[in-house]
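Got a model open and wondering what holds its inside together? Let's go through it by question and answer.

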Amino acid sequence: MYNAVLYICAPVILVVLSETRSIEFCIVVFFALFSSFLLVHLYLMSLWQLASFVSVLEPTYGLGAMKRSRMLLHGKMMYASVLVLGYIFMWAMISLAFTMVAVHGGEHEIGLWVRILVGVVLVVVLVALNLVGLIAESVFYFVCKSFHLESIDKSVLIGLLEGYVKVHVKLNRMA
């Protein structure tokens, strides 16, 4: 929704700014629009990420999970923004390194085997980043829940998560 607003308003704003003669005004308007777009984007990413955990760990889904995640984010928005910005920054650095070395490395006379090796290593690093991000988001969910003084009922949590486990393996004590 906010993307549509940006795409509709951007041409109108560009026409209005092209008529002004002040470059300083144009720069201020650009940074104001960019920062508001970034803030809305951070808020929605944080909300959606937390809602995905709410839909798995609580008996709610859809708009109910969105409302619940909005309530849980209350008071912890700065932490959520730092998590999202950190994840985006690390993902961008990995993507940039992959593009520079593995994709366009031939233009810089980097050998084929080095490009393949670096590409595989960067893919593994990206997978590790995604897994660490999931762990950080789940810990953040429980931090938000404890911040609002809500109890974490482990028996209900086990009951909800058993539906996602196909094979239940009992561990026997080795003699």
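Below are a few questions on the nonpolar core and the salt bridges.

This is a predicted model, where local features need pLDDT of at least 70, side-chain atom pairs count only at pLDDT 80 or more, and totals for chains, interfaces and linings use all residues. Residues are numbered from 1 along each chain as its sequence is written, and side-chain values use heavy atoms, leaving out hydrogens and water.

Q: Which helix gives the largest share of the largest nonpolar core?
A: A nonpolar core here is a set of buried Ala, Val, Leu, Ile, Met, Phe, Trp, Tyr and Cys residues joined through side-chain atoms within 4.5 Å. The largest one has 14 residues, with Leu 50 and Phe 140 among those with the most contacts inside it. H2 (23–57), H3 (63–73) and H5 (112–147) each supply at least two (helices are DSSP runs of H or I, at least four residues, numbered from the N terminus). The largest share, seven residues, comes from H2.

Q: Is Glu 58 buried or exposed?
A: Buried means under 20% relative accessible area, exposed over 50%, and partly exposed in between (1.4 Å probe, protein chains only). Glu 58 has a relative accessible area of 10%, so call it buried.

Q: Which residues do the salt bridges with shared partners join into one network?
A: A salt bridge puts a side-chain nitrogen of Lys or Arg within 4 Å of a carboxyl oxygen of Asp or Glu. Arg 68 pairs with Glu 58 at 2.7 Å, N to O, and Lys 145 meets Glu 58 at 3.6 Å. Arg 68 also reaches Glu 150, at 2.4 Å; Arg 68 lies in H3 and Glu 150 in the loop between H5 and H6 (154–162), so this pair ties together parts 82 residues apart in sequence. The network joins Glu 58, Arg 68, Lys 145 and Glu 150.
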